[in-house]
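The following note sets out, point by point, what may be read from the model shown below. It is offered as a colleague's commentary, to be followed with the coordinates open.

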Amino acid sequence: MGISKTKMIILPFCLGVALISGCKKLAQNDALPVVSIKSVVLTSKDTAIITGTVVNQGAEAIQYEGICYGIDSMPDMLENQHFINSGQTNFTFSVKLKTDSTYFIRVFATNSYGYALSRPASIHVPHQKPPVVPCSLTDMQIIDNGTRYTVDAGYIDPYNTVNYGSWQAEADYGSVQMFFDFWGRPANGAYVTQVDGGQFSTDHSGIEVYVQKTDFNVYSMQSGDSVYVTENPDSSLSLSFCGMHYSIGPSTVSVIGKFTAN
Amino acid sequence: MKKLFLCHFVWVLGVIVPHKIFAQATLGLGFQASYVLPAIPNNYYYKPAPNFELMILSGDIDDHFRVGMQFGYCSLKPTQDTFNTVTVLRDISGRPYSVNPGYNTVSIYDIYSAGFDFEYRPVIDTRFTPMVGLDLYYYYIYYGSNSVVENYSQLEEQIGFQELALAPKIGLTWRISDNWQMNGGIAYNWGFFGGVDNTLSYWKPFINIEFVPDN
């Protein structure tokens, strides 16, 4: 029994097909994902929405997608890392950033072969404008429980022990000392009183202030009132409050005023 | 279970099959050169490489069915100096908390193979004849690497691990004389058992020459 001509043709053809398919090379560019930054948008004074996109998933499905950012021009993948396991083409993260800073952001994606990082994009978070104080106040004047006082001195107080946070301003009027405790040196903006400074936000977002009035007694301002901070050109700070509240026995009284601390 | 299976396989491969082969009256010898073309995903990591095998053959040169043994060596080289890697760190509840980049450097990937093959030639009375077959391999792979996970770990290791593979093959036989013949074809070595991260599978175009003495 001789081998047929058909078989003689088919056999090398099959070998050729098999050989070619076996030689298909998986290069680095084919195996790893390709990602890029789609947008970086500042949505509030200190919050940015970062969207990345998977341009190409590579040779395997995407496992993790994420972002990293920092003040260096080429942030490392582990720096301020956020990630998800979604497998979506587009992925979005919301991050808190400090004002008056420039950040560099990269996105990344991983598959079973490894990871890929995008080129960095930068975003500048500008210095905040002074807040609009919703009441008319006279500097260095405080109305406490209906009594008008002239503020004798306003300090940026490096000497006192700060009850909460790491930075304190002080207003002295009459026999009263009023302390304003912040997480750090405050910038332009509205801060919210917190009756228990121990309850400051754990992310140290810095929007809270603990205010304590001391004469012969100690009073803590109630939560939820506003203190407006304005940075002055001479590095002093003006603190304004249109109505902070504290309790004297069963009564709640208010304190209104403005002072400048040096 | 895995070890038991491997032990059993090695027993079959190393004792029973050789006994059957060497019990045959006619034994031939052969030498095979082939080219290992790693398949996806291994072709991302390893370059193609030559592979050499010594063959011990049973049966007459003009038998339809033939069984043999082969012993080979192949050394694969990495396609890149380093491969970037990712390690996901998880907390005690299994929740991932960090995706750490890293890299892996492969220094050694040597494959020592032993196997037996079964070949069938439907036509034996012509100078050229098609051949189909199935090889069953045991690999001992000696692997050396340096793995770094940024901010987490570094591991430099040299380990040996084992795999089993099935290799269906197809080719042509050229009967040179009553005692000599050559075969050329292609096999697909499908690693189906063992390995570390994934089993090694590859295409293997081959050519061999065989000598079978007269009975």
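1. In which loop of chain A is the place of A:T89? In this predicted model, A:T89 is found in the loop between β4 and β5 of chain A. Its environment can be classified from the neighbour count: 13 other C-beta atoms lie within 10 Å of A:T89, so the residue is partly exposed. Once residues up to four places away in sequence are set aside, A:T89 touches A:T53 and A:V54. The C-alpha atoms of A:T89 and A:Q57 are separated by 8.7 Å, although these positions lie 32 residues apart along the chain in the sense of their sequence separation.

2. Strand β5 of chain A belongs to an open sheet of three strands, ordered β1-β2-β5, in which the pairing is antiparallel. Why is one side of β1 (34-42) and of β5 (90-96) left without a neighbour in the sheet? Both strands stand at the edges and each has a single partner strand, so one side of each has no neighbour there. On average, and with direction ignored, neighbouring strands of this sheet are turned by 20 degrees against each other.

3. The pairing of β5(A) can be followed residue by residue. Strand β2 of chain A, residues 47-56, pairs with β5(A) over seven bridges in the antiparallel sense. Within β5(A), A:K96 is the residue that stands opposite A:T47. As a general reminder, strands of a sheet pair through backbone hydrogen bonds, either parallel or antiparallel.

4. A second pairing in chain A concerns β6 and β7. Strand β7, residues 114-117, runs antiparallel to β6(A), and four bridges join the two. The connection from β6(A) to β7(A) is a hairpin through two residues. Across this pair, A:F108 stands opposite A:L117 in β7(A).

5. Which residues touch the most other members of the largest nonpolar core? This core has 45 residues, and those with the most contacts to other members are A:V35, A:I67, A:F108, A:A109, A:A116, B:Y137 and B:Y139. Strand β6 of chain A, residues 101-111, gives the most to this core, with five residues. Another core, of 29 residues, lies apart from it and has A:M178, A:L239, A:Y246 and A:V255 among its members.

6. A:A109 merits a separate look. Leaving aside neighbours within four places in sequence, A:A109 is in contact with A:P33, A:V35, A:V54, A:I62, A:Y64, A:E65, A:Y115 and A:A116. Of these partners, A:V35 and A:A116 are also named among the core residues that touch the most other members.

7. Is A:M74 buried or exposed? A:M74 has 11 C-beta neighbours inside 10 Å and therefore counts as exposed. Its place is in the loop between β3 (64-70) and β4 (82-84) of chain A. Not counting residues up to four places away in sequence, A:M74 touches A:F104 and A:P120. A:G174 is 100 residues from A:M74 in sequence, and their C-alpha atoms are 55 Å apart in space.

8. For the overall arrangement of chain A, the division is into domain 1 (28-125) and domain 2 (141-261). The C-alpha centres of these two domains lie 40 Å apart. The secondary structure of chain A comprises two helices and 19 strands. Of its 262 residues, 30% count as buried. Among contacts in chain A with a separation of 6 or more, 57% are between residues 24 or more positions apart.

9. Chain B has two helices and nine strands, in the sequence pattern α-β-α-β-β-β-β-β-β-β-β. Of the 215 residues of chain B, 34% count as buried. Residues 24 or more positions apart account for 63% of the chain B contacts with a separation of 6 or more.

10. Confidence should be read alongside these points. Chain B has a mean pLDDT of 88, with 87% of its residues at 70 or more. Where in chain B is confidence lowest, and where is it highest? Helix α1 of chain B, residues 2-22, is lowest at a mean of 60, whereas strand β9 of chain B, residues 202-211, is highest at 96. For the complex, the predictor gives an ipTM of 0.76 and a pTM of 0.71.

Technical notes: Residues are numbered from 1 along each chain as its sequence is written. Chains are lettered from A and ligands numbered from 1 in the order in which they are written. This is a predicted model: local features need pLDDT of at least 70, side-chain atom pairs count only at pLDDT 80 or more; totals for chains, interfaces and linings use all residues. Domain bounds come from an automatic or database domain assignment. A residue is buried if 20 or more other C-beta atoms lie within 10 Å of its own, exposed if 12 or fewer, and partly exposed in between; C-beta atoms are placed from the backbone. Two residues are in contact if their C-beta atoms, placed from the backbone, lie within 7 Å. A nonpolar core is a set of buried Ala, Val, Leu, Ile, Met, Phe, Trp, Tyr and Cys residues joined through C-beta atoms within 7 Å. Two strands pair if DSSP finds at least two bridges between them. Axes are lines fitted to C-alpha atoms, for helices over the stretch in contact, and angles run from 0 to 180 degrees between N-to-C directions. pLDDT is the predictor's confidence in each residue, from 0 to 100.
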